[in-house]
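Work through the exercises below with the sequence and the model open. Try each task before reading its solution.

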Amino acid sequence: ELRRLSLRLTVAAVIAMVFAIELTASRTGAGALLLLAAWGLLGRRLSRPTRWLLVATPVIYALSFGAMWAWGEWVQQAFGAEARLAGAGNGIESPNTRGRLWANALAMIAQQPWTGVGFGEFNLAWSLTEFPQRPTAFFDHTHTLPLQLAVELGLPLSALVMGLLLLALARGWQRWR
């Protein structure tokens, strides 16, 4: 919108970033593309090229998914978001599900509910704690802010922090209105 980049460079950058989202298999990133498309549809102040580019992001994602699927078929390997979907529906549960990670985090909270494991120490504590259903992937966070705070700070301090965050959100909402 500021026209600091040429339209061609902007389109190339958006395509590259959307392709990167497909490669990471991020469900949140893929969902955010729908928000960008909605912004493109509803944002009346945007220029026409910007609106079209925002509306096209889910299409670019679908094309990226299709390209990686075709590549995967050719080399007999699942890549990107297809790799995440490969085990879905066949009765095989990945050992790296969020549910297993969250169960581990809840067990850590049960072990140290008052003080937690220390701020920024989730990975170290998680790596050194024995769990019967341990994910095989490397995790350095719980993928959920309240759970992360509860593990690292303990229940009392994490409740205080979350309460302050909610208060700030409410005050921001009031001032916006």
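The exercises go from the whole chain to a pocket, a helix and two ring pairs.

The model is predicted: local features need pLDDT of at least 70, side-chain atom pairs count only at pLDDT 80 or more, and totals for chains, interfaces and linings use all residues. Residues are numbered from 1 along each chain as its sequence is written, and side-chain values use heavy atoms, with hydrogens and water left out.

**Exercise 1. Describe the chain as a whole.**

Step 1. List the elements. Helices (H or I, at least four residues) and strands (E, at least two) are DSSP runs, numbered from the N terminus. The chain has eight helices and zero strands.

Step 2. Find the buried share. Buried means under 20% relative accessible area, exposed over 50%, and partly exposed in between (1.4 Å probe, protein chains only). Of the 177 residues in the chain, 26% are buried.

Step 3. Look at the contacts (heavy atoms within 4.5 Å). Among contacts with a separation of 6 or more, 60% join residues 24 or more positions apart.

**Exercise 2. Describe the largest pocket and place L53 in it.**

Step 1. Fix the term. On a 1 Å grid over the protein atoms alone, a pocket is an open set of points where a 1.4 Å probe fits, with protein on both sides within 12 Å along at least five of seven lines; lining residues have an atom within 4 Å of a point.

Step 2. Give the volume, which is the space filled by probe spheres set on the points, with grid points joined across faces, edges and corners. The largest pocket holds about 530 Å³.

Step 3. Name the lining. It has 20 residues, and E1, T10, V14, T50 and L53 lie nearest the centre. Two or more lining residues come from each of α1 (7–24) and α3 (48–75). Helix α1 gives the most, seven residues.

Step 4. Turn to L53. This residue is found in helix α3 and counts as buried because its relative accessibility is 14%. Not counting residues up to four places away in sequence, L53 touches T10, V11 and V14. L53 and L7 are 46 residues apart in sequence, yet their C-alpha atoms are 9.9 Å apart in space.

**Exercise 3. Why is helix α7 described as largely enclosed by the rest of the structure?**

Step 1. Count. Helix α7 (residues 145–153) is largely enclosed because seven of its nine residues are buried.

Step 2. Name them. The buried residues in α7 are L147, Q148, L149, A150, V151, E152 and L153.

Step 3. Find the cover. It includes α5 (98–111), α6 and α8.

Step 4. Check the end. Just after α7, G154 takes a positive phi of about 90°.

**Exercise 4. Find the aromatic pairs and classify each.**

Step 1. Apply the rule. Rings of Phe, Tyr and Trp (its six-membered ring) pair if their centres lie within 6.5 Å; planes under 30 degrees apart count as stacked, over 60 as edge-to-face and the rest as tilted. The whole structure has two such pairs.

Step 2. Take F122 and W126. Their ring centres are 6.3 Å apart and their planes are at 20°, so the pair is stacked. They are four residues apart in helix α6 (residues 122–128), so about one helical turn separates them. F122 is buried, at 0% relative accessibility, and W126 is buried at 3%.

Step 3. Take W173 and W176. This pair is tilted, with 5.1 Å from centre to centre and 35° between the planes. Both lie in helix α8 (residues 155–176), three residues apart, about one turn of the helix. Both W173 and W176 are exposed.
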